[in-house]
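Subject: Structure handover

Hello,

Here is the structure for your files. Please open it first, then read the notes below.

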Amino acid sequence: MGIDFLEIMKSEMSLMLIIFFLLFLKVWDGIRSNTTLLHIANTLLFLNLICGLFMNTDGALFNGMFHTNGTIYLEKSILNLGTFIISLQAFDWLKDHKHLLEFYVLLLCTLLGMDFMISSGNFLMFYLGLELSTIPLAALCNYDLHKVKSSESAVKMILSSAFASCILLFGISMLYGTTGTLDFKEMAPLLGTSKLQVLAFIFAFTGFAFKLSAVPFHLWTADVYEGAPVPVTAYLSVISKGSIVFIFITAMFQLFHNYDTTWYNMLYLTILLTITIGNIFAIRQDNIKRFLAFSSIAQVGYILLGISSGTAMGSSAAIFFLIVYTFSNLGAFGVVSLVSAKTGLEKVSDYKGFYTNNKFASWVMAICLFSLAGIPPTAGFFAKMFLVTAGAAKGNYLLISVAVMNMVISLFYYLKVVKAIFIDENEKPIAKLTGSMSMRIALAICIIGAITMGFASGLFEYINTINGK
């Protein structure tokens, strides 16, 4: 039993060991060099990533409250990879920060909560994981204590999260009241046409939509992204959102499958609003973090489009897209992080003439934005193609047409940034930025992933295979 426990909860145990080790370093205070501490943290995160890729054991613990399988291991590995890249990108920002270890403890606590949430087979485990992943994240938003916007970001984050959690918890309480269980497998066949249960489902769906920043529950997103430090914004945009997508897929496909017609109709309207409003609002943004915030909102719409098919291919396409999205979005955020850490500039207009002195960073930004836009032959084109193909399974060509037309709209605002970097003139362009080796490695990983993942059709087939089991 002890061996099974360690094998099945390998990812969670690995994170807890790292957290305790970092707390020991904080108490010991024997290493005062931030550079050394950063190298230690990055090494531990790399080992955690490698640990999650091998010797994975399927199984369940605590009477099914916690379970894992091939798909869940893959989802956790995606989160581990994204966290590792963000840690590398944060090197230049954190090397002069006096609260470095606290940052990593909070970051890994949120990641631990996400792992528990993804592996949950019971609403109790799910909610505990959700709160563990949310509360430290609000503290991270306020990590720049000397900035008023950072404090505002944390307040908006905690208030919106509390509101979403209350709605979700109210829905869960009604589900428990009508079924007498919190276990997913036991609850699923007991969900029927009861009006109270349908209302409970709507509350649960709304709670997920808040966490995903789906329209019309997106209003907190841009303000929180703008005020938070760039690495935290990247974490919110990719890791936090990805974890909610993973558990959302589980909830819709396994728990609420009796309501497939209801949730398709809800998704239909949500997709139309999310893709369209996300793209329209992104056009008018000058702050680069707000720009990427509305870009991420539009990307959620495409993820939901794939999920709306209700098929294994749809969920596989969503998972594959999130792998590509991790490389593409973090590549863009990596350049933003470098510029912000070195100059403090965070406006799109500040990037005019950026190519003059920073050619590598400019190409990274351009290729990653092309991937987010879905321009071939980048990985984003193939990922969106899989999502649109899966979404077309329902035969709703109006929805597909709107999604494709919005891809054309998105080209305008993505190319606006590329135009500023390569074409627009600037009398005083940003000087040559010399990032750390960690930053250069992170950018290289992202640009390679944004280019090559599009040709990894075998990976999509692998995801489809393990997801269909």
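Helices (H or I, at least four residues) and strands (E, at least two) are DSSP runs, numbered from the N terminus. Gln285 sits in the loop between two of these helices, α13 (260–283) and α14 (288–307).

Two ground rules. This is a predicted model, where local features need pLDDT of at least 70, side-chain atom pairs count only at pLDDT 80 or more, and totals for chains, interfaces and linings use all residues. Residues are numbered from 1 along each chain as its sequence is written, and side-chain values use heavy atoms, with hydrogens and water left out.

**Overall shape**

The protein chain has 20 helices and two strands. Its radius of gyration is 21 Å, which agrees with the value near 23 Å for a compact globule of 469 residues. That radius is taken over C-alpha atoms, and the globule rule is 2.2 Å times the number of residues to the power 0.38. Along the principal axes, the C-alpha atoms fill a box of roughly 65 × 60 × 45 Å.

Of the 469 residues, 60% count as buried. Buried means under 20% relative accessible area, exposed means over 50%, and partly exposed is in between (1.4 Å probe, protein chains only). The chain exposes about 18100 Å², and carbon and sulfur atoms supply 69% of it. Accessible areas come from the Shrake-Rupley method with a 1.4 Å probe; for residues, only the protein chains shown count as cover.

Contact means heavy atoms within 4.5 Å. Among contacts between residues at least 6 apart in sequence, 81% join residues at least 24 apart.

**Cavities and a pocket**

Rolling a probe the size of a water molecule over the atoms shows where empty space is left. The work is done on a 1 Å grid over the protein atoms alone. A cavity is a set of points where a 1.4 Å probe fits but cannot get out. A pocket is an open set with protein on both sides within 12 Å along at least five of seven lines. Lining residues have an atom within 4 Å of a point. Grid points are joined across faces, edges and corners, and a volume is the space filled by probe spheres set on the points.

The structure holds two cavities of 30 Å³ or more. The largest has a volume of about 190 Å³. It is lined by 20 residues, with Met157, Ser161, Lys211, Trp220 and Ser240 nearest its centre. α12 (230–255) is among the helices that supply at least two residues each, and α12 gives the most, with five. By class, this lining has 11 nonpolar, seven polar and two charged residues. Ala, Val, Leu, Ile, Met, Phe, Trp, Tyr, Cys and Pro count as nonpolar, Asp, Glu, Lys and Arg as charged, and the others, Gly among them, as polar.

The second largest cavity holds about 30 Å³. Phe321, Val324, Tyr325, Ser328, Ser371, Leu372 and Gly380 line it. α15 supplies the largest share of that lining, four residues. The lining has four nonpolar, three polar and no charged residues.

The second largest pocket has a volume of about 510 Å³. Of its 25 lining residues, Trp93, Asp144, Lys147, Ser340 and Glu346 are the closest to its centre. α15 gives the most here, with four residues. The classes are eight nonpolar, seven polar and 10 charged.

**Two buried residues**

Phe123 is in helix α7. Is Phe123 buried or exposed? Phe123 is buried, with a relative accessible area of 4%. Leaving out residues up to four places away in sequence, Phe123 touches Ile172, Leu175, Leu182, Phe184, Met187, Leu255 and Phe256.

Gln285, in its loop, counts as buried at 9% relative accessibility. With the sequence neighbours up to four places away not counted, Gln285 touches Arg290, Phe291, Phe294, Val348 and Lys416.

**Backbone exceptions**

Most residues other than glycine have a negative phi, and most peptide bonds are trans. Please look at these sites.

- The Val215 to Pro216 peptide bond is cis, with omega near 10°.
- The Pro376 to Pro377 bond is also cis, with omega near 5°.
- Phe62 has a positive phi of about 55° and counts as partly exposed at 41% relative accessibility.
- Ser213 has a positive phi of about 65° and counts as buried at 0% relative accessibility.

Best wishes
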